[in-house]
Amino acid sequence: MAYPLDPSPEQMREMGQSALEYAIDFLGRRGEAPASKPPGAAEEGRAHRQAPPEVGGEFAPLLELVDTIARNAPDNAGPGFLAFIPGGGLFASSLADLLSTTIDRFVNLWDEAPVAAQIENNVVRWLCDLFDYPAESRGVLTSGGSMANFSAIVAARKDRLPEDFLSGTMYVSEHVHASVTKAAMLAGFPVRNVRTVVADPSLRMDVEALRRAIAEDRARGLTPFAVVGTAGTTNTGSIDPLDALADVAAAEGLWFHADAAYGGFFQLTGRGRERFRGIERADSITLDPHKGMFLPYGTGALVVREGQKLRDAHHVGTGAYLQDLAADADIPNFSEYSAELSRDFRGLRVWFPLKLHGVSAFREALDEKLDLTEHLYGALKADPNLEVPWAPDLSIVPFRLREGDDAANRALLDRINASMRVFLSSTVLEGRFTLRACIVSHRTHRDRIDECIEIVGRAAAELTG
Ligand SMILES: Cc1ncc(COP(=O)(O)O)c(C=O)c1O
C-alpha cells in the first residue's frame, strides 16, 4: 500500500507541499484561464466514470485529476465569470478548511468544542448586527441559501400555523428563487399553497397585488402565514419593496422572510444599506457568504430576529447518548437551531478571511462591484444595437438585442461566451430570452468589464449586421 491511512510526516509534507504548489500556481494562472466551459467537457466527465481501486496508488495523479476538473468547467470564481451568481473561493478559507478538517472538532454542540462554537457564533452575531437585529436573535451557518430558506420556512410554519398547517399560504414574487418554493414543498406544503405575486414594471413585488391576494385567500378560508421578499433577485438583482412588505406582514400577522442570498452582503456598503431599508424588520434573513463574501461553496447563513423561534422549529429534545454534554447557553448548540447534527466547521471558513482582511476589504470590494455594474449598464445602454430596459438595483445588468428574436439572442450569448474571456448566462423576462451579466467575484475588475463591453458590442454588431 502506497500510503497508510495516517501517512508518515515525510509523506504528508510531500503531498501537502505539492498540493500547496498546485494551489498557488492555479491561482496565479486564474486571470488568463478560459472563462467558459471548453468543448468536450461532458465527454471528459463521462470518461471519469469508475469504481475506487482495491489497492491504493500515488498522489500525483490525484493532483492531475483536480486540474482536469478545473479545466473542464467554467471558472465560477474567475474574473470573467458573469453568469448565474459567481462564487469566490478565498484562499484564506481554503487554508481554514484544511486546518479545520485536520483538527476535526465538533462545532454543533458547543460543549464539545467551546472555542470553535464561539468563533462560529462570532460570525453569526456579526451577521445579526449587520442587520441591526436585537440581542435575542440567533442564527446558523448552513451549506447554502437553499438550506437557509428551508429552515426559515419551517420556522415560519411552526410559529404561525397550527400542527395541521395545510390551510397555510405564503406569498412570493414572480422573481423569487426556486429554492423558496422548494423549501415550502420540503416543509410539507403543496406547491399550490405558494402564491406567486406579480412584479411591477421595475421587477419588484407589487405590494397592492400582494394585499389583494392575501384578502382573497382569507375570504376563501385559507390562512396566509408568510411573505418572502427578495433582497436582490437572481434574475435581475431587483430588490422587493422590503419596508412595504414589512408593513403588510405586520398588519396581516405574517412571518416576513428576506431572501438576501445573493444581495445580502451589499448591506456592508452605504448604497446597499439604503436600498435594503426595511430588511431589519424581517423575521428572518437568508445570506450566502459563498456569494457576497467570496467564500468557496458550502457556506450559507440564516439569521432569525427572535432566535428562540428558530430553536422551537428545529429542536425535539436531545437523545440520551448526548446527555453528557452541556445545554444550549450563551454559546448555542447550533444543532438545536438547524436540521443538522454532524457537519463541517463552517465558522472558521468565514472567520479566517474576516480576521485576515478585515470587514473593510469586503465593503470596498462590494462597492467596486456596484461601480462596475453602473459602468457596464451605462456602456450597454449607449449601444444602439441593445435594449437595456432595467437600471440595476445591485450588480446584475439584463440586456437583449434591440431587434432580434429569442434565437438571435441565444446566438448573441453563444458568441459572447465563445470569446472565452467572459461567461454570461440568460433568463426569460417579459416572456423574452434575455442575457444577464452578474458582477460578484472579488476578482472581477474594470479591465475585465471593459473587455466584456467590447465583446458584447462586437457580437451585437455582427448579429445586427
Ligand atoms: C436569491 C437566491 N436565493 C437562494 C439561492 C440559493 O442559494 P444556494 O445556491 O446557496 O443554495 C440563490 C442562489 O443563487 C439566490 O440567488
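Visitor: What volume does the second largest pocket have?
Guide: This is a predicted model. In it, the second largest pocket has a lining of 17 residues. Its volume is about 420 Å³.

Visitor: Which residues lie nearest the centre of the second largest pocket?
Guide: Start with the lining by class: 12 nonpolar, four polar and one charged. Five of the 17 lining residues lie nearest the centre. They are Pro 53, Gly 56, Gly 57, Glu 58 and Leu 62.

Visitor: How much space lies in the largest pocket?
Guide: The lining of this pocket holds 41 residues. Tyr 22, Ala 23, Phe 26, Val 66 and Ser 94 lie nearest the centre. The space comes to about 1,400 Å³.

Visitor: Which helix gives the largest share of that lining?
Guide: Three elements to look at are α1 (9–29), α3 (60–71) and α4 (91–103). Each supplies at least two residues of the lining of the largest pocket. The largest share is 10 residues, and it comes from α1.

Visitor: How many residues in the lining of the largest pocket are nonpolar, and how many polar or charged?
Guide: Take the classes from the other end. Six lining residues of the largest pocket are charged and eight are polar. The nonpolar residues number 27.

Visitor: Now the ligand. Which residues come nearest?
Guide: The ligand has 15 residues around it. By class, three are nonpolar, nine polar and three charged. Those that come nearest are Gly 145, Ser 146, Asp 259, Asp 288 and His 290.

Visitor: Which side chain lies 2.6 Å from a nitrogen atom of the ligand?
Guide: Two side chains have a polar atom facing an oxygen in the list of contacts here. For Ser 146, a polar side-chain atom is 2.6 Å from a ligand oxygen. For Asp 288, the distance from a polar side-chain atom to a ligand oxygen is 2.6 Å. The ligand nitrogen is 2.6 Å from an N or O atom in the side chain of Asp 259.

Visitor: What percentage of the ligand's exposed area does the protein bury?
Guide: Consider the ligand taken alone. It then exposes 390 Å². Of that area, the protein buries 85%.

Visitor: Which element gives the largest share of the shell around the ligand?
Guide: Two elements give two or more residues to this shell: α6 (145–160) and α11 (289–292). The largest share is three residues. The element that gives it is α6.

Definitions and conventions:
Residues are numbered from 1 along each chain as its sequence is written. This is a predicted model: local features need pLDDT of at least 70, side-chain atom pairs count only at pLDDT 80 or more; totals for chains, interfaces and linings use all residues. Side-chain values use heavy atoms; hydrogens and water are left out. A residue is near a molecule or strand if one of its heavy atoms lies within 4 Å of it. A polar contact is a pair of N or O atoms within 3.5 Å; within protein, one must be able to donate a hydrogen and the other to accept it, and residues adjacent in sequence count only if both atoms are side-chain atoms. Accessible areas come from the Shrake-Rupley method with a 1.4 Å probe; for residues, only the protein chains shown count as cover. Helices (H or I, at least four residues) and strands (E, at least two) are DSSP runs, numbered from the N terminus. Ala, Val, Leu, Ile, Met, Phe, Trp, Tyr, Cys and Pro count as nonpolar, Asp, Glu, Lys and Arg as charged, and the others, Gly among them, as polar. On a 1 Å grid over the protein atoms alone, a cavity is a set of points where a 1.4 Å probe fits but cannot get out, and a pocket is an open set with protein on both sides within 12 Å along at least five of seven lines; lining residues have an atom within 4 Å of a point. Grid points are joined across faces, edges and corners, and a volume is the space filled by probe spheres set on the points.
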